Amino acid sequence: MPDRRGTTVRAAARTCDDRTMAIPTAFTELLSIRHPIVSAPMGGEAGGALAAAVSAGGGLGLVGGGRGNREWVERELRLVTETTTAPWGIGFLGWAVDRPVIEHALSYRPAAVLLSFGDPVPLAAPVREAGAILIVQVTDTEEARRALDAGADVLVAQGSDAGGHCAAEGIGTLSFVPTVVDLAGAVPVLAAGGIADGRAVAAALALGAAGAMIGTRFQATHEALVPVEVGKALVGAVGAETEVNRTLDIARGAPWPRRYPARTLRNAYLDRWRGRDDELGADEAALAEYREAAARADLAAVPVWAGQAVDRVTAITSATELVGDLAADTEAVLRRISVR
């Protein structure tokens with residue numbers, strides 16, 4: 001199966017390369033890739049097949065290493081290394097992993113390692129020693145300064161538009177990205193949050209970013225490790241149906257730091273417990289009810305991570321073709337702007 005998927009990915013990549021010009025930025029030059037498009041390392045959902053498909057399309061695919069589950073990470077890293085020879089990377093949650101987890105992932109020779117939601121300083125050394133590109137996602141200026149102190153080669157400025165976990169007191173991507181760009185100086189910055197089409201990628205470049213990291217849109221691809229029902233939910237949703245909450249993390253027993261709630265689609269369980277997080281955490285019957293719903297993947301209870309740009313998710317597509325579409329649309333927008 002990996003060989004067949006690899007053949008498909010490479011063939012699709014050639015098609016995309018034929019119809020799109022490369023979009024050079026400081027980020028693409030650093031990673032030797034064609035397009036300044038990165039798939040977010042969505043924990044448990046961005047596996048080796050998705051990362052390989054994005055990288056083969058000319059972007060940078062990131063495996064979602066999450067909290068560093070060794071069996072899952074090994075399986076997905078074997079898959080990505082067997083499927084593509086293009087640069088790829090892996091992302092981890094800074095608050096949940098330690099140096100041995102990072103070193104194990106580095107043994108698979110990723111081109112880049114992304115750290116998010118935690119202090120990058122204790123984890124940066126092995127990445128730099130291995131010669132991989134250190135990417136650090138930040139949600140405020142204090143985190144940006146800390147990332148620069150850690151020697152980050154690239155920053156990801158995540159605005160509050162983003163799906164999944166984000167800063168409780170974050171600001172929108174449009175406002176946040178220029179601030180981080182100015183702070184970062186010569187260090188390339190990727191924009192993240194509310195980016196789901198070429199217009200938004202072009203806007204990120206206009207803000208001074210060197211590219212964009214995209215989550216929700218790549219979640220709705222054939223290669224993402226999500227149930228079919230999740231893809232359908234994303235295609236049918238609009239941004240106004242998303243909400244930042246801690247409620248669903250509490251329900252599923254996820255020990256995320258309080259400062260990082262998550263943006264999800266609204267559902268019946270969230271509606272029932274909204275504003276009652278402390279009560280929910282102490283209600284064993286309600287938590288058992290959630291576990292039962294999660295066991296059957298009931299979308300009336302389990303989180304569907306989605307950013308405010310979910311409106312632009314209109315179909316489930318190939319990730320490789322999506323990179324090409326995003327690049328072509330970005331190029332068209334930049335061309336249109338330049339002639340005005």
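Biologist: Hi! How exposed is Asp329?

Modeller: Hello! In this predicted model, Asp329 has a relative accessible area of 41%. Values between 20% and 50% count as partly exposed, so Asp329 is put in that group.

Biologist: Thanks. Which helix is Asp329 found in?

Modeller: Asp329 belongs to helix H16, which covers residues 319-338.

Biologist: And how far apart are Asp329 and Asp197 in space?

Modeller: Their C-alpha atoms lie 7.4 Å apart, although 132 residues separate Asp329 and Asp197 in sequence.

Biologist: Switching topic to strand E6: how many of its residues are buried?

Modeller: For E6, residues 154-158, it's 5 of 5. Val154, Val156 and Gln158 point one way, while Leu155 and Ala157 point the other way.

Biologist: Nice. What joins E6 to strand E5?

Modeller: There are 4 bridges between E6 and E5 (residues 133-138), and the two strands run parallel. Gln137, for instance, has Val156 in E6 as its bridge partner. Between these strands the chain passes through helix H7, residues 141-149, making a right-handed β-α-β crossover.

Biologist: What about E6 and strand E8?

Modeller: Those run parallel too, joined by 4 bridges, with E8 spanning residues 189-192. Ala191 in E8 sits opposite Ala157.

Biologist: Last one, on the largest nonpolar core. Which residues touch the most other members?

Modeller: That core has 86 residues, and the ones with the most contacts to other members are Phe27, Leu60, Phe92, Ile135, Leu155 and Phe218. A second core, separate from it, has 13 residues, including Tyr269, Trp273, Ala293 and Val302.

Technical notes: Residues are numbered from 1 along each chain as its sequence is written. This is a predicted model: local features need pLDDT of at least 70, side-chain atom pairs count only at pLDDT 80 or more; totals for chains, interfaces and linings use all residues. Side-chain values use heavy atoms; hydrogens and water are left out. A nonpolar core is a set of buried Ala, Val, Leu, Ile, Met, Phe, Trp, Tyr and Cys residues joined through side-chain atoms within 4.5 Å. Buried means under 20% relative accessible area, exposed over 50%, partly exposed in between (1.4 Å probe, protein chains only). Two strands pair if DSSP finds at least two bridges between them. A crossover is right-handed if, with the strands pointing away from the viewer, the path from the first strand over the helix to the second runs clockwise.
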